[in-house]
Amino acid sequence: MNQHDPIVGRYVYVTCQGKTYRTYYEETGEGIPMVCLHTAGTDGRQYRHQMCDPEITSNFRVIAFDMPWHGKSIPPADFYLMEDEYKLTTSFYGEFIVAFCRALDLKKPVIMGQSMGGNICLHLALKYEQEFSALIALEACDHSPGWWIYPLHHPHIHGGEAVATAVFGLMSPESPDEYRWETWWYYAQGGPGIFKGDLYFYSVDSDFRDQVHKISGRLPIYFLTGEYDFACTPEMTERTAEKVKGSETIIFSGGHFPTSEDPAKFKDVISPVLKKIVQNDPDRRGAGRALPGPVAASGAVSRPAARRVIEL
Amino acid sequence: MSRYGSRKGFDLEWIERWARCVNEDRILPVIGRFFNNRFVLGVDETEFLIEVRGGKIARISEGLTPNDLGFDFALRAPSTAWAKFSQQIPPPMFNDIWAMAHPLHKQLTIDGNQLPFWQNMRALTRMLSLMRQV
């Protein structure tokens, strides 16, 4: 008998800043729409484990799309005529996420993004808080410098191998080898200059240090950061979260790519957050399968109120 | 001993044991086929010149002389940083060469011509990770 994942993929046309993008997305599940944002230079495959988890998909309609230029979403037709290199900007990224959600007629979805997908959550909270019901910002902070550098797109350097190896150390050495190398592979498959161009957003155009205190707190924001993340350290997340009203922070013993580098550990960390989102949703409360509660806090370090720490 | 293992001393004998681990590795000759460079491994004030041919270490020496005619690039860090890096399970921020070199952390400097560093990063990363087997 053939074995299939429950994930299905489609293309939707999304118009943003004057251009229409044929955009690939995958989805599975029923319930609260949850749109997942991939990290720089990669694509929605990073969420494949969560999309195959019945405890998640019985409560959430999980959707992961590939940004233009990434995965199976092609660049704009005239990309070869561009007079500047590819650079992701905060305004395009934010507008595209909103346009994608509208293209799918999603009603107040949850956004879960990691790395640059986590950082953009701050912009979404500042500019589009009415559009969403909750934000899950994985490996996010208000300023993550040092990554918009020439070696990541240079004709004398193998982009795939260099880019993938440059991010390999962002993962925990205790994450399973199989999944760390699968994550490496996603990076090795990125288009030329796309990782670097995304990092223009990540390291240059997304300096929110003077803005995050303006977030109203009406939209719940959950920050989750792994202790091996050297691009966005737990301290960088904590410093950001202290300025963001209504946020919760979880520091865990993982790395920068929690959904793909160690899906089992990520499930332990994210389940209490998802449970809370379900409980806070008046329309869908109790509709799906029960999500696991918080992991037994053996060895947990106590932190100030509203800051939860899980040692796994 | 901490969760991350014990510290080690770094002398030429230790470098030799590491180089022998590198040369026994069966993956490096494949991913390092075109890795032909001479780089310096700096530990505190001591400089070890590492000569790589085809992903294997052909020669190691302690200290630089005029006859070396320089090197391609140098990775320099305090012995405390290398000790953390070479633990079986390195602690956060010390588990990777680029993590240590990243402008946010500055535990390691990359001097010289950085082009061959980036060109051979995959093989170099594996080569250095074998310090955890010494």
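Trainee: How many residues of chain A are in contact with chain B?
Mentor: Keep in mind that this is a predicted model: local features need pLDDT of at least 70, side-chain atom pairs count only at pLDDT 80 or more, and totals for chains, interfaces and linings use all residues. Residues are numbered from 1 along each chain as its sequence is written, chains are lettered from A and ligands numbered from 1 in the order in which they are written, and side-chain values use heavy atoms, leaving out hydrogens and water. Contact means heavy atoms within 4.5 Å. On the chain B side 21 residues take part, and in chain A the number is 26.

Trainee: Which three residues of chain B supply more of its buried area against chain A than any other three?
Mentor: Buried area is the accessible area lost when two parts are put together, summed over both (Shrake-Rupley method, 1.4 Å probe; for residues, only the protein chains shown count as cover). Chains B and A bury about 2,000 Å² between them, with 67% of it on carbon and sulfur atoms. Of the area that chain B buries there, 29% comes from B:W98, B:W118 and B:R122.

Trainee: Which residue of chain A forms a salt bridge with B:R122?
Mentor: A salt bridge here is a side-chain nitrogen of Lys or Arg within 4 Å of a carboxyl oxygen of Asp or Glu. The rule finds one of these across the interface of chain B and chain A. For B:R122, the closest N and O atoms are 3.2 Å apart, and the partner is A:E161.

Trainee: Why is helix α4 of chain A called largely enclosed, and how many of its residues are buried?
Mentor: Buried means under 20% relative accessible area, exposed over 50%, and partly exposed in between (1.4 Å probe, protein chains only). Helices are DSSP runs of H or I with at least four residues, strands are E runs of at least two, and both are numbered from the N terminus. The buried residues of α4(A) pack against α5 (177–188) and α6 (194–205) of chain A, and also against α4 (97–101), α5 (114–119) and α6 (121–129) of chain B. The helix spans residues 159–168 and is largely enclosed by the rest of the structure because the buried count among its 10 residues is eight.

Trainee: Zooming out, how does chain A compare with the globule rule; what is its radius of gyration?
Mentor: Chain A holds nine helices and nine strands. The radius is taken over C-alpha atoms, and the rule is 2.2 Å times the number of residues to the power 0.38. For 312 residues that rule gives 20 Å, and chain A is close to it, so it is as compact as a globular protein of that length, with a radius of gyration of 18 Å.

Trainee: What share of the residues in chain A is buried?
Mentor: The accessible surface of chain A comes to about 12,800 Å², and 50% of that belongs to carbon and sulfur atoms. Its contacts reach along the sequence too: among those between residues at least 6 apart, 75% join residues at least 24 apart. Of its 312 residues, the buried share is 58%.

Trainee: Which strand of chain A holds the salt-bridge partner of A:R61?
Mentor: A:R61 pairs with A:E27, with 2.7 Å between the closest N and O atoms. The two are 34 residues apart: A:R61 sits in strand β4, and A:E27 in strand β2.

Trainee: And which residue pairs with A:E55?
Mentor: A:E55 lies in helix α1 (residues 54–57), and its partner is 212 residues away in helix α9 (residues 263–279). A:E55 is partly exposed, at 23% relative accessible area. The closest N and O atoms are 2.6 Å apart, and the partner is A:K267.

Trainee: Helix α9 seems busy; is A:E248, the partner of A:K276, buried or exposed?
Mentor: The side chains of A:K276 and A:E248 meet in a salt bridge at 2.9 Å, N to O. This links helix α9 to strand β8 (residues 247–252). A:K276 is partly exposed at 26%, whereas A:E248, with a relative accessible area of 18%, is buried.

Trainee: What is the phi of A:D105?
Mentor: Most residues other than glycine have a negative phi. A:D105 is placed in the loop between α2 and β5 (110–114) of chain A, and its relative accessible area of 69% makes it exposed. Although A:D105 is not a glycine, its phi is positive, at about 55°.
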